[in-house]
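Reader: Please guide me through this structure one question at a time, explaining each term when it first comes up.

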Amino acid sequence: MTATDFKEQSGIIERMKGLINSPEFEQTFASLSASLPKSKQFLLKMELKRLAQPCNYYIDLRGHVDGDVKPFVYLGKTHHLDDTARQIFENGVNDYGQYTIGVYEEVMNADNNFRVRHRKETEERIRNALAQRRNGLQLPDPANTQENTEPAEETSNPNKLVQFGYYISRCEERMNYGIEVEVRHADQRFSAMTTDLSVGGCKLKIPAGRQIVVGDTLNLALRGLEKEFTLNLPKGLNYQVLEVDEQDKYNYLRLKRLDPEQEGSFNQFLQSFIHGNKRRYKVNLDNTTDAVITKGYEQYYLPRINTLPVYLSVVDGQVSSRFCLTSDYNKSVWHYFLDEQQLSVLSHVLSAKRLKLLLSQTSTERSSILYCFTHAAKGKLYFYAATDLELAESSALREMFFGFGAGKPSWRVFHLNLLKTNVSQSINEFAIPGAVNTQKPSPLIAGMLKDMHYIAALTEISSAEHRRYYSGYTYQTDKLAALNKFGLSKALQAKPCEAVAIHYINLRAESRYLYKTTVLVRSKPEQAPISSFSRDFSTGGLQIEFSQPVDFQKGDILLFELPDLQKITNKHQLSGLPYEVMAVSKSRTIMNLKIAKTDSHIGKVFFQQLIQSNRSKLTVAEETPKYPGLSDALRNMYVKTLNNFAVFIHRKGLRHDVNVLGRGAQPNAIHKLLQLSQQSSKSLDFSLLTKEHVLTQEVANFLKQMKRHDPSKQFELYIRVTPLDNGQLEFSSHYDFEFKQAEDLQIFILDAIEHHVLFSFKLYVSRTGKLDSEYIAKEIGYISVYAMHKAKTLEEELWHVEGVADGVETSAEMVIRYNAAAAAAQQQARLAILARAK
């Protein structure tokens, strides 16, 4: 028997939860079940005992419920529950006395579970269908109409291009439904078939060769529906062409209906028709599935960006850096621009004068190379910065800046890209038909962002190997004062700039709790302890703070003693507890630690029991942001304007594949080169990027050794383009790791600069972590209702992403580094080649 067979006895089950293992069980059960037959009593008693059996199942509700899913630790095991499920879980454990099968089933059958909703809707639909058959159908069976429910033909293509920040939203559901229509366009009349249909639009399949373009107006007579229904549409319906997808035998037109309000009765009929048959002919989920894919790849990419987005406020002609969006991989850029008082100098670096110079560029991409170094004197840190555009005005000054600056350890080179933005791009967008498709930021956040008009994207592209090319320039030391024009003023107070971390959940395996207690730290048992105090703790780790800087490094194994907590337990010896250092703050006073690998860690057992017994008294360290919603708003603004590219690495079994490429609002140079180099316009060819799987093999080797928290691995890609006499272009690509010696690489680059056109790109490869399923939960939930298999397929594709590469073009810096005199000519040649791309 199943749980549904005991619905009538649910009251008895609820009453008996906490009594199953108590002496009162038999007497209470006999009293409550006296009216039931003996056979039913026996089965009910077996069901109660089944529900009370201990359970070891992990519960992971990410993408399966309509709620905010967070990690929840119970007896050392981490479940992922929303607030509703957590309340059910805790109440169930309290009733049964432990985690049981009954608790598990109650959590999995909560009302906000998409599976439960789908089952209830199916039952309701069946009841309605039976009622309709009893009462007589109001509409004829659509199976008798002339239809074609086959979806549009698709070209098989394993490679995929994903445009970040681009989601198509529909205000209504669209059903996959094929009917015959008569198309009237200018003086043409011909028959066609729909592939999907909604009140406000449709998708039309027509033979290839018809001269129809975006913006044209078509008149459609719905012949297929007219055969079965009296539509009363003598003039047909007018549609506007929004998109034309050209394929070999057919073209597919995406149409928007014009003036739909003029045919109210037909709208009501069609809406009723779609609602009554959408389960049979399936709702068109194309835009929602596309949004899931796009958002899923965004959530892999954004927490691993090496570029630092700096949000610039423009008020009364004054420019200031207001916010920076930080990740674990771009924090080094943020820290580099902090002075001796830990204040950001980015407002001085990104001055109005410098930005005007960037805005004066006529090319689509407004970018330059930013060279920086620092000089420490009398306890103060002085910054020097100059762009390639500024240094191009004087070769002597450029050589002095390079020669002197590159001789310092603080020498850095950045790719600077200026992007236009506005507060309207901060809105969260969803792709669920018939629902509210946007979520605006709060008035507070909107007010903070209303003056943000630009994003300066800073990517460090320097390396230790490159410094020698710059430091080789000679200069006269008695003329170094000329560099003062590039120094940042200490007299002007910079406006404050705040670092805002990218909001990303599911990175921690367990909750952490705020608690301050004394911690004594030793590196060896015989050494004197160093006193510190805890900031927070979990079953698997601690964060502690020292009053003075310490010399501990990542990977050190330290021994901990907890004297204050020892007073509350005699069962556990809280001394000599081994912990491994995971991270040390820049001030070297705060450390993150995790339990060291041992057969049995007493600290873990103690904290598990401490948390379990005091959960209601402890405060969860939620890392509550200073301004809730600000991180998501900044993230949306950047993802809709970024100019970098992203490469995704999938792993299935032992095989790695590079077949998904991400792009921003505007295509990067790499996207245009891939387009120009491929033989067919009907497919995506990544061979120029992957180079006969050379990249895939190299990346796979590194990913096998990398962990999620490891720094990114850098690769350089060089694409050499040779214009031929017949007007065609010849392409070849090379990676830096293919050259055995630095001299071989230098010979290749110098030859390419002199005789060809050379592009270069830097790829920062990192290993991905868990997918932030919260960000796509709404879309996945909607798809699951209509096509559970499709939702699982989408999740399957996304869960196989093992690595991601953040890519930025470095062509200008690379040419200046090797042959500054050829920089202008190479830049013109590169722009001419890119202009050929559509």
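Reader: Where does Ala186 lie?
Author: This is a predicted model, in which local features need pLDDT (the predictor's confidence in each residue, from 0 to 100) of at least 70 and side-chain atom pairs count only at pLDDT 80 or more, whereas totals for chains, interfaces and linings use all residues. Residues are numbered from 1 along each chain as its sequence is written, and side-chain values use heavy atoms, with hydrogens and water left out. Helices (H or I, at least four residues) and strands (E, at least two) are DSSP runs, numbered from the N terminus. In these terms, the place of Ala186 is the loop between β4 and β5.

Reader: Is Ala186 buried or exposed?
Author: Buried means under 20% relative accessible area, exposed means over 50%, and partly exposed lies in between, with a 1.4 Å probe and protein chains only. Because the relative accessibility of Ala186 is 75%, this residue counts as exposed.

Reader: What is the phi of Ala186?
Author: Ala186 belongs to the hairpin of β4 and β5, which has two residues between the strands. Its phi is positive, in a residue other than glycine, and the value is near 55 degrees.

Reader: How many bridges join β4 to β5?
Author: Two strands pair if DSSP finds at least two bridges between them. Strands β4 (residues 180–185) and β5 (residues 188–197) run antiparallel, and Glu180 of β4 stands opposite Met193 in β5. The number of bridges joining these two strands is six.

Reader: Which residue in β7 is the bridge partner of Glu182?
Author: β4 also pairs with strand β7 (residues 217–221), in the antiparallel sense and over three bridges. Five of the six residues of β4 are buried, so this strand is largely enclosed by the rest of the structure. In β7, the bridge partner of Glu182 is Ala221.

Reader: Where does pLDDT stay under 50?
Author: Over the chain, the mean pLDDT is 83, and 88% of the residues reach 70 or more. Where pLDDT is low, the predicted coordinates should not be read in detail. The stretch under 50, for which the model has 47 contacts (heavy atoms within 4.5 Å) beyond four places in sequence, covers residues 136–157.

Reader: How many strands does the chain have?
Author: Of the 838 residues in the chain, 49% are buried, and residues 24 or more positions apart account for 71% of the contacts with a separation of 6 or more. The secondary structure comes to 27 helices, and the number of strands is 32.

Reader: Which are the edge strands of the sheet with the order β13-β12-β14-β17-β10-β11-β18?
Author: This is an open sheet of seven strands with mixed pairing. An edge strand here pairs on one side only, and the two that do so are β13 (380–387) and β18 (498–501).

Reader: What angle does the direction of helix α14 make with that of β12?
Author: Within that sheet, β12 (residues 366–377) and β14 (residues 412–420) pair in the antiparallel sense over seven bridges, and Leu370 stands opposite Phe414 in β14. Helix α14 (residues 395–405) packs on the sheet and touches β12 and β13. Axes are lines fitted to C-alpha atoms, for helices over the stretch in contact, and angles run from 0 to 180 degrees between N-to-C directions. The angle between α14 and β12 is about 50 degrees.

Reader: How far apart are the axes of α16 and α26?
Author: Helix α16 (residues 464–471) and helix α26 (residues 811–819) pack at an angle of about 50 degrees. Angles under 35 degrees count as roughly parallel, over 145 as roughly antiparallel, 65 to 115 as roughly perpendicular and the rest as oblique, which makes α16 oblique to α26. The contact is made by His466, Tyr469 and Tyr470 of α16 and Glu813, Arg817 and Tyr818 of α26. The distance between the two axes is 8 Å.

Reader: What is the relative accessible area of Asp536?
Author: Asp536 is found in strand β21 (residues 530–537). Not counting residues up to four places away in sequence, Asp536 touches Arg512, Tyr513, Leu514, Tyr515, Leu542 and Gln543. Asp536 is buried, and its relative accessible area is 6%.
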